[in-house]
Amino acid sequence: MFHGEIHQNVRQYINGRWETSATTGVSTNPSDTSEVVAEYARADRRQTDAAIRAASDAFPHWSHSTPQRRADVLDRIGAELLARKDELGLLLAREEGKVLPEAVAEVARAGQVFKFFAGEAFRGGAGAGGGESLASARAGVQVDVTREPLGVVGLIAPWNAPFAVPAWKIAPALAHGNSVVFKPAERVPACGWALAEIISRAALPAGVFNLVMGSGREVGQALVDSPHVDALSFTGSAAVGERVLRGATARRARVQLEMGGKNALVVLADADLERAVDCAVQGAYFSAGQRCTASSRLIVEAAVHDAFVARLRERLKALRVGHALERGVEIGPVADAERLAGHLAWVDIARTEGAEHVWGGEALERATAGHYMSPALFLAEPGHRIAREEIFGPLACVLRATDYEHALALCNDTPFGLCAGICTNSLKHAMHFRRHAEVGMTMVNLPTAGVDFHVPFGGRKGSGYGPREQGRHAAEFYTQVKTGYMLA
Ligand code: NAD
(Lines give C-alpha, C1' and ligand atoms only; values in the text may rest on other atoms or scores of the structure.)
Protein backbone atom coordinates (compact mmCIF):
# COMPACT_ATOMS: atom_id res chain seq x y z
CA MET A 1 0.00 0.00 0.00
CA PHE A 2 1.04 3.60 -0.71
CA HIS A 3 3.44 5.16 1.80
CA GLY A 4 3.99 8.89 1.30
CA GLU A 5 6.83 11.14 2.29
CA ILE A 6 7.65 11.48 6.02
CA HIS A 7 7.40 15.14 6.91
CA GLN A 8 10.43 15.84 9.07
CA ASN A 9 10.45 19.60 9.05
CA VAL A 10 7.34 19.97 11.14
CA ARG A 11 8.43 22.72 13.53
CA GLN A 12 7.07 25.68 15.44
CA TYR A 13 6.64 28.98 13.64
CA ILE A 14 7.38 31.78 16.09
CA ASN A 15 8.00 35.43 15.28
CA GLY A 16 8.58 34.70 11.60
CA ARG A 17 11.11 31.89 12.19
CA TRP A 18 10.90 28.09 12.17
CA GLU A 19 12.07 26.62 15.47
CA THR A 20 12.79 23.13 16.71
CA SER A 21 11.88 22.02 20.24
CA ALA A 22 13.55 19.96 22.92
CA THR A 23 11.15 17.06 22.42
CA THR A 24 9.64 15.49 19.33
CA GLY A 25 6.69 13.25 18.50
CA VAL A 26 5.39 11.31 15.52
CA SER A 27 2.03 11.08 13.84
CA THR A 28 1.03 7.85 12.11
CA ASN A 29 -1.52 6.96 9.48
CA PRO A 30 -4.68 5.52 11.09
CA SER A 31 -5.31 3.52 7.87
CA ASP A 32 -1.87 1.91 8.13
CA THR A 33 -0.10 2.26 11.44
CA SER A 34 3.21 1.16 9.90
CA GLU A 35 3.34 4.50 8.07
CA VAL A 36 4.83 7.48 9.89
CA VAL A 37 3.34 10.66 8.44
CA ALA A 38 5.32 13.25 10.39
CA GLU A 39 8.04 13.67 12.95
CA TYR A 40 7.27 16.91 14.67
CA ALA A 41 8.65 19.27 17.29
CA ARG A 42 6.59 19.48 20.50
CA ALA A 43 6.53 22.95 21.99
CA ASP A 44 6.66 23.63 25.69
CA ARG A 45 5.40 26.51 27.81
CA ARG A 46 8.52 28.60 27.13
CA GLN A 47 8.02 28.44 23.37
CA THR A 48 4.33 29.13 23.77
CA ASP A 49 5.13 32.22 25.82
CA ALA A 50 7.60 33.35 23.14
CA ALA A 51 4.89 32.97 20.49
CA ILE A 52 2.44 34.97 22.61
CA ARG A 53 5.06 37.71 23.10
CA ALA A 54 5.75 37.84 19.36
CA ALA A 55 2.02 38.11 18.62
CA SER A 56 1.66 40.82 21.23
CA ASP A 57 4.56 42.85 19.78
CA ALA A 58 3.22 42.47 16.23
CA PHE A 59 -0.33 43.48 17.09
CA PRO A 60 -0.14 47.32 17.15
CA HIS A 61 1.26 47.56 13.64
CA TRP A 62 -0.95 44.83 12.14
CA SER A 63 -4.09 46.18 13.79
CA HIS A 64 -3.63 49.39 11.80
CA SER A 65 -2.87 47.66 8.49
CA THR A 66 -5.14 48.53 5.58
CA PRO A 67 -7.99 46.26 4.50
CA GLN A 68 -6.19 45.90 1.18
CA ARG A 69 -3.11 44.51 2.92
CA ARG A 70 -5.14 41.97 4.88
CA ALA A 71 -7.25 41.03 1.89
CA ASP A 72 -4.14 40.41 -0.22
CA VAL A 73 -2.63 38.11 2.43
CA LEU A 74 -5.84 36.11 2.90
CA ASP A 75 -6.52 35.86 -0.80
CA ARG A 76 -3.04 34.51 -1.40
CA ILE A 77 -3.43 31.84 1.30
CA GLY A 78 -6.85 30.85 -0.06
CA ALA A 79 -5.56 30.64 -3.61
CA GLU A 80 -2.68 28.37 -2.63
CA LEU A 81 -4.93 26.05 -0.62
CA LEU A 82 -7.29 25.74 -3.58
CA ALA A 83 -4.44 25.17 -6.04
CA ARG A 84 -2.89 22.46 -3.83
CA LYS A 85 -6.09 20.82 -2.61
CA ASP A 86 -5.24 17.39 -4.07
CA GLU A 87 -1.76 17.24 -2.56
CA LEU A 88 -2.85 18.62 0.81
CA GLY A 89 -5.96 16.43 0.76
CA LEU A 90 -3.66 13.44 0.42
CA LEU A 91 -1.72 14.58 3.49
CA LEU A 92 -4.98 15.07 5.41
CA ALA A 93 -6.28 11.62 4.41
CA ARG A 94 -2.97 10.04 5.49
CA GLU A 95 -2.73 11.81 8.82
CA GLU A 96 -6.37 12.06 9.93
CA GLY A 97 -7.96 9.12 8.07
CA LYS A 98 -10.77 10.82 6.12
CA VAL A 99 -11.36 9.23 2.75
CA LEU A 100 -9.52 11.09 0.01
CA PRO A 101 -12.50 12.84 -1.66
CA GLU A 102 -13.66 14.18 1.72
CA ALA A 103 -10.12 15.27 2.56
CA VAL A 104 -9.68 17.13 -0.74
CA ALA A 105 -13.06 18.81 -0.23
CA GLU A 106 -12.00 19.91 3.25
CA VAL A 107 -8.84 21.59 1.96
CA ALA A 108 -10.87 23.32 -0.76
CA ARG A 109 -13.27 24.54 1.86
CA ALA A 110 -10.39 25.95 3.90
CA GLY A 111 -9.31 27.80 0.75
CA GLN A 112 -12.81 29.20 0.27
CA VAL A 113 -12.88 30.35 3.89
CA PHE A 114 -9.68 32.38 3.39
CA LYS A 115 -11.07 33.81 0.14
CA PHE A 116 -14.31 34.78 1.88
CA PHE A 117 -12.46 36.57 4.67
CA ALA A 118 -10.25 38.36 2.13
CA GLY A 119 -13.48 40.06 1.07
CA GLU A 120 -14.62 40.42 4.65
CA ALA A 121 -11.56 42.56 5.44
CA PHE A 122 -13.24 45.14 3.21
CA ARG A 123 -16.87 44.45 4.02
CA GLY A 124 -17.06 46.15 7.36
CA GLY A 125 -14.53 44.34 9.50
CA ALA A 126 -12.37 46.13 12.02
CA GLY A 127 -10.72 49.16 10.46
CA ALA A 128 -12.54 48.63 7.17
CA GLY A 129 -14.75 51.65 7.64
CA GLY A 130 -17.86 49.62 8.34
CA GLY A 131 -20.10 50.38 11.26
CA GLU A 132 -22.97 52.70 11.93
CA SER A 133 -23.43 56.40 11.96
CA LEU A 134 -26.39 57.52 14.07
CA ALA A 135 -28.08 60.69 15.11
CA SER A 136 -27.30 61.55 18.73
CA ALA A 137 -29.97 62.22 21.32
CA ARG A 138 -28.28 65.61 21.68
CA ALA A 139 -28.53 68.32 19.05
CA GLY A 140 -25.40 68.88 17.01
CA VAL A 141 -23.70 65.68 18.13
CA GLN A 142 -22.80 62.85 15.80
CA VAL A 143 -22.35 59.24 16.98
CA ASP A 144 -20.40 56.49 15.22
CA VAL A 145 -20.22 52.85 16.20
CA THR A 146 -17.09 51.16 14.81
CA ARG A 147 -15.34 47.84 15.25
CA GLU A 148 -11.72 47.38 16.33
CA PRO A 149 -9.48 44.31 16.61
CA LEU A 150 -9.10 42.57 19.97
CA GLY A 151 -5.37 41.87 20.22
CA VAL A 152 -3.72 38.46 20.52
CA VAL A 153 -6.06 35.55 19.93
CA GLY A 154 -5.25 31.98 20.93
CA LEU A 155 -6.77 29.44 18.56
CA ILE A 156 -7.12 25.86 19.82
CA ALA A 157 -8.27 23.27 17.28
CA PRO A 158 -9.41 19.62 17.31
CA TRP A 159 -7.99 16.83 15.13
CA ASN A 160 -11.05 15.86 13.10
CA ALA A 161 -11.04 18.78 10.63
CA PRO A 162 -7.40 19.88 10.65
CA PHE A 163 -7.64 22.32 7.72
CA ALA A 164 -11.23 23.57 7.91
CA VAL A 165 -11.52 24.40 11.61
CA PRO A 166 -8.14 26.21 11.81
CA ALA A 167 -9.05 28.10 8.61
CA TRP A 168 -12.33 29.34 10.00
CA LYS A 169 -10.52 30.65 13.08
CA ILE A 170 -7.29 32.02 11.55
CA ALA A 171 -8.90 33.75 8.55
CA PRO A 172 -11.37 35.94 10.50
CA ALA A 173 -8.80 36.63 13.22
CA LEU A 174 -6.37 38.06 10.63
CA ALA A 175 -9.07 39.72 8.51
CA HIS A 176 -10.18 41.72 11.54
CA GLY A 177 -6.65 42.80 12.42
CA ASN A 178 -5.75 40.46 15.28
CA SER A 179 -2.50 38.58 15.74
CA VAL A 180 -2.64 34.82 16.20
CA VAL A 181 -1.14 31.95 18.15
CA PHE A 182 -2.47 28.74 16.65
CA LYS A 183 -2.32 25.37 18.43
CA PRO A 184 -3.39 22.38 16.34
CA ALA A 185 -4.34 19.04 17.89
CA GLU A 186 -1.47 16.65 18.52
CA ARG A 187 -2.96 13.94 16.28
CA VAL A 188 -2.52 16.10 13.17
CA PRO A 189 0.69 18.15 13.42
CA ALA A 190 1.61 17.86 9.72
CA CYS A 191 -1.74 19.33 8.65
CA GLY A 192 -1.32 22.25 11.08
CA TRP A 193 2.24 22.78 9.90
CA ALA A 194 1.29 22.61 6.18
CA LEU A 195 -1.31 25.32 6.71
CA ALA A 196 1.18 27.41 8.71
CA GLU A 197 3.81 26.96 6.01
CA ILE A 198 1.47 28.50 3.43
CA ILE A 199 0.62 31.34 5.82
CA SER A 200 4.35 31.92 6.49
CA ARG A 201 4.84 32.80 2.80
CA ALA A 202 1.87 35.15 2.54
CA ALA A 203 3.79 38.37 3.34
CA LEU A 204 2.55 38.78 6.90
CA PRO A 205 4.80 40.79 9.25
CA ALA A 206 6.77 38.58 11.67
CA GLY A 207 4.81 37.66 14.78
CA VAL A 208 1.33 38.25 13.36
CA PHE A 209 0.82 34.52 12.92
CA ASN A 210 2.50 31.87 15.09
CA LEU A 211 2.21 28.09 15.24
CA VAL A 212 2.87 26.09 18.41
CA MET A 213 2.40 22.32 18.39
CA GLY A 214 2.28 20.37 21.59
CA SER A 215 0.06 18.96 24.26
CA GLY A 216 -3.18 20.53 25.35
CA ARG A 217 -2.12 20.40 28.97
CA GLU A 218 1.04 22.40 28.37
CA VAL A 219 0.65 24.50 25.19
CA GLY A 220 -3.14 24.84 25.24
CA GLN A 221 -3.23 25.60 28.94
CA ALA A 222 -0.45 28.20 28.53
CA LEU A 223 -2.65 30.03 26.01
CA VAL A 224 -5.62 29.85 28.36
CA ASP A 225 -3.60 31.15 31.32
CA SER A 226 -1.54 33.89 29.66
CA PRO A 227 -2.63 37.42 30.56
CA HIS A 228 -1.33 38.51 27.14
CA VAL A 229 -3.86 36.41 25.20
CA ASP A 230 -6.88 38.66 24.80
CA ALA A 231 -9.29 36.10 23.36
CA LEU A 232 -9.53 32.34 22.97
CA SER A 233 -11.39 30.43 20.31
CA PHE A 234 -11.62 26.75 21.17
CA THR A 235 -13.11 23.82 19.29
CA GLY A 236 -13.03 20.41 20.91
CA SER A 237 -14.67 18.29 23.56
CA ALA A 238 -17.11 19.58 26.15
CA ALA A 239 -14.81 18.54 29.01
CA VAL A 240 -11.80 20.52 27.77
CA GLY A 241 -14.07 23.38 26.69
CA GLU A 242 -15.29 23.69 30.27
CA ARG A 243 -11.68 24.02 31.46
CA VAL A 244 -10.92 26.64 28.83
CA LEU A 245 -14.06 28.55 29.79
CA ARG A 246 -13.19 28.59 33.47
CA GLY A 247 -9.58 29.64 32.86
CA ALA A 248 -10.44 32.34 30.36
CA THR A 249 -13.33 33.90 32.24
CA ALA A 250 -11.35 33.91 35.50
CA ARG A 251 -8.98 36.40 33.91
CA ARG A 252 -11.77 38.09 31.89
CA ALA A 253 -10.50 37.04 28.46
CA ARG A 254 -13.04 36.82 25.67
CA VAL A 255 -13.85 33.19 24.86
CA GLN A 256 -15.70 31.26 22.19
CA LEU A 257 -16.30 27.50 22.49
CA GLU A 258 -17.51 25.06 19.86
CA MET A 259 -17.95 21.62 21.38
CA GLY A 260 -19.59 18.28 20.91
CA GLY A 261 -23.02 17.24 19.80
CA LYS A 262 -25.62 14.48 20.04
CA ASN A 263 -27.42 15.58 16.94
CA ALA A 264 -30.78 14.20 15.94
CA LEU A 265 -32.15 13.38 12.53
CA VAL A 266 -35.94 13.11 12.72
CA VAL A 267 -37.64 10.93 10.10
CA LEU A 268 -41.40 11.45 9.79
CA ALA A 269 -43.84 8.97 8.27
CA ASP A 270 -44.35 11.19 5.21
CA ALA A 271 -40.63 11.40 4.38
CA ASP A 272 -39.05 10.14 1.20
CA LEU A 273 -37.57 7.06 2.87
CA GLU A 274 -34.71 6.62 0.43
CA ARG A 275 -33.60 10.22 1.01
CA ALA A 276 -33.97 9.78 4.76
CA VAL A 277 -31.72 6.70 4.70
CA ASP A 278 -29.20 8.64 2.60
CA CYS A 279 -29.24 11.50 5.11
CA ALA A 280 -28.74 9.03 7.96
CA VAL A 281 -25.84 7.23 6.29
CA GLN A 282 -24.04 10.43 5.36
CA GLY A 283 -24.82 12.25 8.57
CA ALA A 284 -24.13 9.45 11.03
CA TYR A 285 -21.37 7.41 9.43
CA PHE A 286 -19.36 9.38 6.87
CA SER A 287 -16.00 10.56 8.23
CA ALA A 288 -16.42 7.51 10.49
CA GLY A 289 -18.90 9.50 12.57
CA GLN A 290 -16.05 11.72 13.74
CA ARG A 291 -17.88 14.98 13.16
CA CYS A 292 -19.36 17.29 15.72
CA THR A 293 -22.40 17.50 13.42
CA ALA A 294 -22.86 13.71 13.16
CA SER A 295 -26.48 12.58 13.51
CA SER A 296 -25.92 9.91 16.13
CA ARG A 297 -29.63 9.88 17.13
CA LEU A 298 -32.07 8.82 14.42
CA ILE A 299 -35.57 9.59 15.68
CA VAL A 300 -38.10 7.77 13.53
CA GLU A 301 -41.91 7.96 13.54
CA ALA A 302 -43.44 4.60 14.45
CA ALA A 303 -45.30 4.14 11.14
CA VAL A 304 -42.02 3.93 9.18
CA HIS A 305 -39.68 2.79 11.96
CA ASP A 306 -39.27 -0.83 10.87
CA ALA A 307 -39.05 -0.03 7.16
CA PHE A 308 -36.43 2.67 7.84
CA VAL A 309 -34.35 0.38 10.06
CA ALA A 310 -34.49 -2.44 7.49
CA ARG A 311 -33.37 -0.16 4.65
CA LEU A 312 -30.64 1.45 6.73
CA ARG A 313 -29.36 -1.97 7.76
CA GLU A 314 -29.06 -2.97 4.09
CA ARG A 315 -27.11 0.21 3.33
CA LEU A 316 -24.77 -0.32 6.27
CA LYS A 317 -24.07 -3.88 5.16
CA ALA A 318 -22.99 -2.55 1.77
CA LEU A 319 -20.84 0.36 3.01
CA ARG A 320 -17.16 -0.03 2.19
CA VAL A 321 -14.87 0.51 5.18
CA GLY A 322 -11.15 0.61 4.47
CA HIS A 323 -7.93 2.49 3.77
CA ALA A 324 -8.66 6.19 3.30
CA LEU A 325 -6.74 6.27 0.01
CA GLU A 326 -8.38 3.26 -1.56
CA ARG A 327 -10.73 4.08 -4.42
CA GLY A 328 -14.38 3.38 -3.61
CA VAL A 329 -13.91 3.26 0.16
CA GLU A 330 -16.67 5.25 1.83
CA ILE A 331 -15.58 5.14 5.47
CA GLY A 332 -11.99 5.31 6.64
CA PRO A 333 -10.57 4.20 9.98
CA VAL A 334 -11.22 5.89 13.30
CA ALA A 335 -8.48 8.17 14.56
CA ASP A 336 -6.39 5.92 16.79
CA ALA A 337 -6.24 2.70 18.79
CA GLU A 338 -7.53 4.34 21.95
CA ARG A 339 -10.62 5.68 20.20
CA LEU A 340 -11.28 2.34 18.50
CA ALA A 341 -11.13 0.63 21.89
CA GLY A 342 -13.47 3.32 23.24
CA HIS A 343 -16.01 2.77 20.46
CA LEU A 344 -15.94 -0.99 20.95
CA ALA A 345 -16.52 -0.37 24.65
CA TRP A 346 -19.60 1.69 23.67
CA VAL A 347 -20.89 -1.32 21.73
CA ASP A 348 -20.59 -3.37 24.94
CA ILE A 349 -22.31 -0.63 26.94
CA ALA A 350 -25.16 -0.56 24.39
CA ARG A 351 -25.68 -4.32 24.68
CA THR A 352 -25.41 -4.26 28.47
CA GLU A 353 -28.01 -1.54 28.85
CA GLY A 354 -30.41 -3.47 26.66
CA ALA A 355 -30.24 -1.66 23.31
CA GLU A 356 -31.13 -3.96 20.43
CA HIS A 357 -28.24 -4.60 18.09
CA VAL A 358 -29.08 -4.10 14.40
CA TRP A 359 -25.74 -4.11 12.65
CA GLY A 360 -21.96 -3.71 12.95
CA GLY A 361 -19.80 -2.49 15.80
CA GLU A 362 -16.93 -4.87 15.20
CA ALA A 363 -13.22 -4.25 14.71
CA LEU A 364 -12.36 -5.07 11.10
CA GLU A 365 -9.18 -6.43 9.58
CA ARG A 366 -7.96 -5.02 6.31
CA ALA A 367 -4.81 -5.47 4.20
CA THR A 368 -3.09 -2.80 6.28
CA ALA A 369 -3.09 -2.54 10.06
CA GLY A 370 -5.52 0.32 10.72
CA HIS A 371 -8.21 1.26 13.22
CA TYR A 372 -11.20 -0.09 11.29
CA MET A 373 -14.69 -0.61 12.63
CA SER A 374 -17.93 -1.62 10.96
CA PRO A 375 -20.66 1.04 11.22
CA ALA A 376 -22.81 0.20 14.23
CA LEU A 377 -26.57 0.61 14.62
CA PHE A 378 -28.70 -0.02 17.71
CA LEU A 379 -32.35 0.46 18.62
CA ALA A 380 -32.24 2.41 21.87
CA GLU A 381 -34.42 3.95 24.55
CA PRO A 382 -34.11 7.68 25.28
CA GLY A 383 -32.46 6.99 28.65
CA HIS A 384 -29.69 4.79 27.25
CA ARG A 385 -26.22 6.25 27.46
CA ILE A 386 -25.66 5.67 23.72
CA ALA A 387 -28.62 7.98 23.14
CA ARG A 388 -27.33 10.69 25.46
CA GLU A 389 -23.53 10.94 25.32
CA GLU A 390 -21.35 11.98 22.42
CA ILE A 391 -19.44 8.98 21.05
CA PHE A 392 -17.72 10.64 18.08
CA GLY A 393 -17.42 7.42 16.10
CA PRO A 394 -19.38 5.26 13.64
CA LEU A 395 -22.16 4.35 16.06
CA ALA A 396 -25.74 5.60 15.86
CA CYS A 397 -29.00 4.64 17.49
CA VAL A 398 -32.63 4.72 16.42
CA LEU A 399 -35.28 6.05 18.80
CA ARG A 400 -38.94 5.35 18.09
CA ALA A 401 -41.32 8.33 18.17
CA THR A 402 -45.10 8.08 18.27
CA ASP A 403 -45.67 11.27 16.25
CA TYR A 404 -44.07 14.60 15.28
CA GLU A 405 -44.54 16.20 18.71
CA HIS A 406 -42.91 13.22 20.41
CA ALA A 407 -40.06 13.29 17.88
CA LEU A 408 -39.43 16.98 18.56
CA ALA A 409 -39.47 16.39 22.32
CA LEU A 410 -36.92 13.58 21.94
CA CYS A 411 -34.80 15.76 19.65
CA ASN A 412 -34.62 18.49 22.30
CA ASP A 413 -34.11 16.08 25.20
CA THR A 414 -30.33 16.39 25.24
CA PRO A 415 -27.75 18.59 26.93
CA PHE A 416 -26.30 19.38 23.48
CA GLY A 417 -27.62 21.78 20.84
CA LEU A 418 -25.39 21.88 17.78
CA CYS A 419 -27.62 20.85 14.88
CA ALA A 420 -30.74 18.85 14.07
CA GLY A 421 -32.35 17.62 10.88
CA ILE A 422 -35.77 16.50 9.79
CA CYS A 423 -36.86 14.42 6.80
CA THR A 424 -40.44 15.18 5.89
CA ASN A 425 -42.66 16.30 3.04
CA SER A 426 -44.79 18.39 5.37
CA LEU A 427 -44.08 22.10 5.10
CA LYS A 428 -45.94 22.64 8.36
CA HIS A 429 -43.71 20.25 10.29
CA ALA A 430 -40.54 21.44 8.56
CA MET A 431 -41.29 25.06 9.47
CA HIS A 432 -42.28 24.18 13.03
CA PHE A 433 -39.11 22.11 13.46
CA ARG A 434 -36.87 24.91 12.21
CA ARG A 435 -38.38 27.20 14.81
CA HIS A 436 -38.53 24.79 17.74
CA ALA A 437 -35.42 22.59 17.52
CA GLU A 438 -33.15 23.87 20.30
CA VAL A 439 -29.98 23.97 18.21
CA GLY A 440 -27.74 26.39 16.34
CA MET A 441 -28.34 24.86 12.89
CA THR A 442 -31.30 23.01 11.35
CA MET A 443 -31.49 20.93 8.17
CA VAL A 444 -34.62 19.90 6.26
CA ASN A 445 -34.27 16.85 4.02
CA LEU A 446 -30.47 17.20 4.28
CA PRO A 447 -27.85 15.40 6.36
CA THR A 448 -26.95 17.11 9.65
CA ALA A 449 -23.28 17.13 8.61
CA GLY A 450 -22.31 19.33 5.68
CA VAL A 451 -22.48 23.10 6.05
CA ASP A 452 -21.53 26.18 4.03
CA PHE A 453 -18.49 28.34 4.71
CA HIS A 454 -20.08 31.80 4.55
CA VAL A 455 -22.85 31.53 7.16
CA PRO A 456 -22.70 31.14 10.94
CA PHE A 457 -21.65 27.80 12.36
CA GLY A 458 -22.15 26.75 15.95
CA GLY A 459 -24.45 25.49 18.64
CA ARG A 460 -26.45 26.20 21.76
CA LYS A 461 -26.73 24.57 25.20
CA GLY A 462 -23.74 22.28 25.90
CA SER A 463 -22.49 22.56 22.30
CA GLY A 464 -21.39 26.15 22.20
CA TYR A 465 -20.59 29.30 24.08
CA GLY A 466 -20.11 32.80 22.77
CA PRO A 467 -20.65 34.22 19.29
CA ARG A 468 -20.83 32.01 16.21
CA GLU A 469 -17.94 31.19 13.91
CA GLN A 470 -17.78 31.82 10.15
CA GLY A 471 -19.42 34.31 7.84
CA ARG A 472 -20.10 37.92 8.73
CA HIS A 473 -21.02 36.88 12.28
CA ALA A 474 -17.37 36.04 13.00
CA ALA A 475 -16.86 39.79 13.52
CA GLU A 476 -18.87 39.52 16.73
CA PHE A 477 -16.09 37.50 18.28
CA TYR A 478 -12.98 38.86 16.56
CA THR A 479 -13.74 42.56 17.01
CA GLN A 480 -14.80 44.89 19.79
CA VAL A 481 -17.16 47.79 19.41
CA LYS A 482 -16.27 51.44 20.00
CA THR A 483 -18.79 54.27 20.22
CA GLY A 484 -17.45 57.67 19.11
CA TYR A 485 -19.17 61.02 19.82
CA MET A 486 -18.32 64.22 17.99
CA LEU A 487 -19.68 67.75 18.07
CA ALA A 488 -20.75 68.26 14.48
P1 NAD B 1 -10.18 17.75 22.73
O2 NAD B 1 -11.06 18.57 23.59
O3 NAD B 1 -9.54 16.56 23.29
O4 NAD B 1 -8.99 18.67 22.16
C5 NAD B 1 -9.24 19.87 21.45
C6 NAD B 1 -8.02 20.76 21.55
O7 NAD B 1 -7.86 21.18 22.90
C8 NAD B 1 -6.72 20.05 21.17
O9 NAD B 1 -5.89 20.93 20.44
C10 NAD B 1 -6.12 19.75 22.54
O11 NAD B 1 -4.72 19.59 22.52
C12 NAD B 1 -6.53 20.98 23.32
N13 NAD B 1 -6.48 20.84 24.78
C14 NAD B 1 -6.52 19.70 25.51
N15 NAD B 1 -6.42 20.01 26.84
C16 NAD B 1 -6.34 21.35 26.92
C17 NAD B 1 -6.24 22.26 28.01
N18 NAD B 1 -6.18 21.86 29.28
N19 NAD B 1 -6.20 23.58 27.73
C20 NAD B 1 -6.27 24.02 26.47
N21 NAD B 1 -6.35 23.21 25.40
C22 NAD B 1 -6.39 21.89 25.62
O23 NAD B 1 -11.05 17.40 21.43
P24 NAD B 1 -10.63 16.49 20.17
O25 NAD B 1 -10.63 15.06 20.58
O26 NAD B 1 -9.42 17.06 19.51
O27 NAD B 1 -11.85 16.77 19.18
C28 NAD B 1 -13.06 16.09 19.24
C29 NAD B 1 -14.12 16.96 19.88
O30 NAD B 1 -14.22 18.18 19.16
C31 NAD B 1 -15.50 16.34 19.80
O32 NAD B 1 -16.17 16.49 21.02
C33 NAD B 1 -16.20 17.12 18.71
O34 NAD B 1 -17.59 17.16 18.80
C35 NAD B 1 -15.58 18.46 18.89
N36 NAD B 1 -15.69 19.27 17.67
C37 NAD B 1 -16.58 20.32 17.68
C38 NAD B 1 -16.75 21.10 16.56
C39 NAD B 1 -17.70 22.25 16.58
O40 NAD B 1 -17.50 23.19 15.84
N41 NAD B 1 -18.73 22.23 17.40
C42 NAD B 1 -15.99 20.84 15.41
C43 NAD B 1 -15.10 19.76 15.43
C44 NAD B 1 -14.96 18.99 16.57
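**Exercise 1. The nonpolar core**

How many residues does the largest nonpolar core have, and which of them have the most contacts inside it?

*Solution.* Begin by keeping in mind that this is a predicted model. The largest nonpolar core has 72 residues, and those with the most contacts inside it are Leu81, Phe114, Phe163, Ile170 and Phe209. Next, ask which element supplies this core: helix 5, which covers residues 164-175, gives the most to it, with nine residues. Finally, turn to the domains, where you will find that the core draws at least three residues from domain 1 (7-259 + 463-487) and at least three from domain 2 (264-453). As a general background to this exercise, nonpolar side chains tend to be buried together in soluble globular proteins.

**Exercise 2. The surroundings of the ligand**

Describe the shell of residues around the ligand, and explain why the ligand lies between domain 1 and domain 2.

*Solution.* Start with the members of the shell: there are 28 residues around the ligand, of which Ala157, Gln221, Ser237, Met259 and Glu390 come nearest. Sorted by class, the shell has 15 nonpolar, eight polar and five charged residues. Then look at the elements that contribute, since helix 7 (216-225), strand 11 (231-235) and helix 8 (238-250) each supply at least two residues, while helix 7 gives the most, with four residues. The last step concerns the domains: both domain 1 (7-259 + 463-487) and domain 2 (264-453) give residues to the shell, and therefore the ligand lies between them.

**Exercise 3. Polar contacts of the ligand**

Find the distances from oxygen atoms of the ligand to Ala157, Trp159 and Arg339, and state how much of the ligand the protein buries.

*Solution.* Take the backbone case to begin with, in which a polar backbone atom of Ala157 is 2.7 Å from an oxygen atom of the ligand. Continue with the side chains: an N or O atom of the Trp159 side chain is 2.9 Å from a ligand oxygen, and for an N or O atom of the Arg339 side chain the distance to a ligand oxygen is 3.4 Å. As for the area, the ligand taken alone exposes 850 Å², and the protein buries 90% of that.

**Exercise 4. Buried or partly exposed?**

Decide whether Ala222, His384 and Gln282 are buried or partly exposed, and place each of them in the structure.

*Solution.* The cut-off needed here is that a buried residue has a relative accessible area under 20%, whereas an exposed one has over 50% and a partly exposed one lies in between. Ala222, which is found in helix 7, has a relative accessible area of 1%, so Ala222 is buried. His384 sits in the loop between strand 18 (376-379) and strand 19 (395-401), and because its relative accessible area is 10%, His384 is buried. A polar atom of the His384 side chain also lies 3.0 Å from the backbone oxygen of Glu353. Gln282 belongs to helix 9, and with a relative accessible area of 35% Gln282 is therefore partly exposed.

**Exercise 5. Positive phi values**

What are the phi values of Ala288 and Phe392, and where do these residues lie?

*Solution.* Recall that most residues other than glycine have a negative phi. Ala288 has a positive phi near 55 degrees, and it lies in the loop between helix 9 (273-285) and strand 14 (297-301). With a relative accessible area of 1%, Ala288 is buried. Phe392, although not a glycine, has a positive phi of about 65 degrees, and it is found in the loop between strand 18 and strand 19.

Note on methods:
Residues are numbered from 1 along each chain as its sequence is written. This is a predicted model: local features need pLDDT of at least 70, side-chain atom pairs count only at pLDDT 80 or more; totals for chains, interfaces and linings use all residues. Side-chain values use heavy atoms; hydrogens and water are left out. A residue is near a molecule or strand if one of its heavy atoms lies within 4 Å of it. A polar contact is a pair of N or O atoms within 3.5 Å; within protein, one must be able to donate a hydrogen and the other to accept it, and residues adjacent in sequence count only if both atoms are side-chain atoms. Accessible areas come from the Shrake-Rupley method with a 1.4 Å probe; for residues, only the protein chains shown count as cover. Ala, Val, Leu, Ile, Met, Phe, Trp, Tyr, Cys and Pro count as nonpolar, Asp, Glu, Lys and Arg as charged, and the others, Gly among them, as polar. Domain bounds come from an automatic or database domain assignment. A nonpolar core is a set of buried Ala, Val, Leu, Ile, Met, Phe, Trp, Tyr and Cys residues joined through side-chain atoms within 4.5 Å. Buried means under 20% relative accessible area, exposed over 50%, partly exposed in between (1.4 Å probe, protein chains only).
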